[in-house]
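Please look over the sequence and the model shown below before reading on. The report after them takes up the overall fold, one helix, some backbone angles, a surface patch and the salt bridges.

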Amino acid sequence: MSIESPPATLNTAPIPFLEFVALVAALMSLGALGIDSMLPALPEIGRRLGVPDVGGRALVVTVFVVGFGLGQLMQGPLTDRYGRRPVLIGGLIGYIVCCLLAGLAGSFTLLLAARFAGGVAIAASRVVTIALVRDCFTGRAMAKVSSLAFMVFMAAPILAPSVGQLILLVGSWRLIFEVIAGLAALVLVWFAWRMPETLAPENRVPLSVRQLLRGWRATLADRASLGYMIAGMIVQGALFGYIGLIEPIMERVFHAQHLLGPVFAASAGTMAAANLLNSRIVMRLGMRRISQAALVVMTLAAAGGLIAVGMGREGLVPFVLLQALAMAGYGLAGSNMSAMAMENMGAIAGTAASLQGALVVTGGAVLGSIIASFFDGTTIALHAGFFVAGLLGLGIAAIVERGRLFRPS
């Protein structure tokens with residue numbers, strides 16, 4: 001299926017539209033690869049570095065996510081001051097170095113340190129990609145571009161666990177980090193060669209504590225920015241709960257760890273399809289109507305999972321189908337809420353994206369860890385996480401919109 005560019009009046013990207021979408025998606029994918037490709041390797045990492053328990057080896061993912069979240073607080077002001085290119089190029093170089101160091105780590109502590117630093121470095125990819133899209137597009141067009149980029153980006157989590165499993169067939173877990181470093185180097189060359197600076201000199205913001213606090217205050221004072229940021233953090237928590245629980249669920253509940261890659265791909269695939277759908281309908285239906293309807297779908301799918309568990313009828317196939325539906329709802333809700341949170345933040349896009357990203361990702365990681373801590377040998381914690389996240393997301397949307405849900409704007 002071809003992806004058509006939007007009308008010329010909406011396309012202000014400095015490179016061809018399809019290349020812009022693909023490059024943004026590739027940049028977004030690097031962080032996802034750092035998370036999802038690790039999942040099949042966690043048991044081996046635990047055995048090789050002396051960390052046998054599930055919670056301990058999950059720190060390989062958790063510390064990366066925390067670094068990714070906190071790093072955005074630093075990267076955002078830098079990109080508003082010095083521009084998009086130098087910050088992202090520096091972040092990609094740092095990420096490559098940290099991946100190589102992680103692959104060489106001789107102890108679990110050193111591995112975690114390299115992972116945290118790598119998360120901080122690759123945080124530049126999230127901040128800069130959001131700022132790039134905001135520099136070039138506004139309103140519903142921004143949501144459309146974000147959805148298209150997210151659709152392409154979803155190839156990473158679809159393929160990453162399977163790629164990780166394939167790498168383990170020919171090498172050790174260390175080779176996974178080396179492969180990620182190589183892919184990051186290719187994206188670095190592509191970005192440096194093709195993407196010019198999109199932040200005009202007159203729009204650069206002085207780097208100062210006062211200016212930073214002013215930008216954070218403006219981000220938190222805006223009703224849509226604050227509300228949809230909190231809602232995004234909550235649904236992100238459900239996603240991180242899934243990432244933390246899917247490996248032990250496949251191993252201990254369904255005794256089918258060898259199917260981890262296909263099951264993960266099924267969920268990620270529906271998210272990709274949902275974002276393709278969003279890119280086709282958002283200009284007509286609007287971000288609010290779509291995101292709020294998606295939260296309803298996510299909540300109902302999770303409720304179906306809880307009912308199936310309660311009736312003792314949850315097999316692998318019903319689990320995959322219901323979880324794929326819930327993840328599709330997450331995909332539609334997340335991309336639109338992210339765009340709505342940035343809608344009024346054009347003057348401080350980098351700073352706003354960094355604060356929103358830091359709170360959404362870090363807060364989501366904490367919530368995901370809490371959800372995963374309730375794992376009891378069933379899928380109840382996973383379904384409950386999505387159910388509660390959907391209800392809370394709808395409640396926050398109702399507050400932001402002053403009770404006017406599902407309006408076409």
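What follows is a description of a predicted model, going from the whole chain to single residues.

**Overall fold**

The protein chain contains 16 helices and 0 strands. Its radius of gyration is 20 Å, close to the 22 Å that the globule rule gives for 409 residues, so the chain is as compact as a globular protein of that length. Along the principal axes, the C-alpha trace spans about 55 × 50 × 45 Å, and 56% of the 409 residues count as buried.

**Helix 4 and its end**

Helix 4, which covers residues 59-82 and so has 24 residues, reaches 33 Å from its first C-alpha to its last, close to the 34 Å expected at 1.5 Å a residue. The helix nevertheless has a kink of about 35 degrees, centred on Gln-72. Just after helix 4 comes Gly-83, which takes a positive phi of about 105 degrees.

**Positive phi away from glycine**

Two residues that are not glycines also have a positive phi: His-255, at about 50 degrees, and Arg-402, at about 55 degrees. His-255 is placed in the loop between helix 11 (223-253) and helix 12 (260-285), where it is exposed, with a relative accessible area of 63%. Arg-402 belongs to the segment after helix 16 (380-400), and with a relative accessibility of 59% it likewise counts as exposed.

**A nonpolar surface patch**

Leu-220, Leu-226, Ile-230 and Leu-359 make a nonpolar surface patch of about 280 Å². Of these residues, Leu-359 is found in helix 15 (residues 349-373) and is partly exposed, with a relative accessible area of 37%.

**Salt bridges**

The structure holds 6 salt bridges, among them the three listed here.

| Pair | Closest N to O distance |
|---|---|
| Arg-48 and Glu-44 | 3.8 Å |
| Arg-84 and Asp-80 | 3.0 Å |
| Arg-288 and Glu-401 | 2.8 Å |

How many residues apart are Arg-48 and Glu-44 in helix 2? Both lie in helix 2 (residues 42-48), 4 residues apart, about one turn of the helix. An α-helix has 3.6 residues a turn, so residues three or four places apart point the same way. The accessibilities of the two partners are nevertheless unlike: Arg-48 counts as exposed at 62% relative accessibility, whereas Glu-44 counts as buried at 13%.

In the salt bridge between Arg-84 and Asp-80, both residues are buried.

The salt bridge of Arg-288 with Glu-401 has its closest N and O atoms 2.8 Å apart. Because Arg-288 lies in helix 13 and Glu-401 in the segment after helix 16, the pair ties together parts that are 113 residues apart in sequence. Both Arg-288 and Glu-401 are buried. Elsewhere, salt bridges that share partners join Asp-80, Arg-84 and Asp-135 into one network.

Arg-288 also deserves a word for its own surroundings. The residue lies in helix 13, which covers residues 287-310, and its relative accessible area is 9%, under the 20% cut-off, so it is classed as buried. Arg-288 and Asn-336 are 48 residues apart in sequence, yet their C-alpha atoms are 7.4 Å apart in space.

How values were computed: Residues are numbered from 1 along each chain as its sequence is written. This is a predicted model: local features need pLDDT of at least 70, side-chain atom pairs count only at pLDDT 80 or more; totals for chains, interfaces and linings use all residues. Side-chain values use heavy atoms; hydrogens and water are left out. Helices (H or I, at least four residues) and strands (E, at least two) are DSSP runs, numbered from the N terminus. The bend at a residue is the angle between axes fitted to the seven residues ending there and the seven starting there. Patches are made of residues with over 30% relative accessible area and no salt bridge: like charges are joined within 9 Å, nonpolar side chains (Val, Leu, Ile, Met, Phe, Trp, Tyr) within 5 Å. Accessible areas come from the Shrake-Rupley method with a 1.4 Å probe; for residues, only the protein chains shown count as cover. A salt bridge is a side-chain nitrogen of Lys or Arg within 4 Å of a carboxyl oxygen of Asp or Glu. Buried means under 20% relative accessible area, exposed over 50%, partly exposed in between (1.4 Å probe, protein chains only). The radius of gyration is taken over C-alpha atoms; the globule rule is 2.2 Å times the number of residues to the power 0.38.
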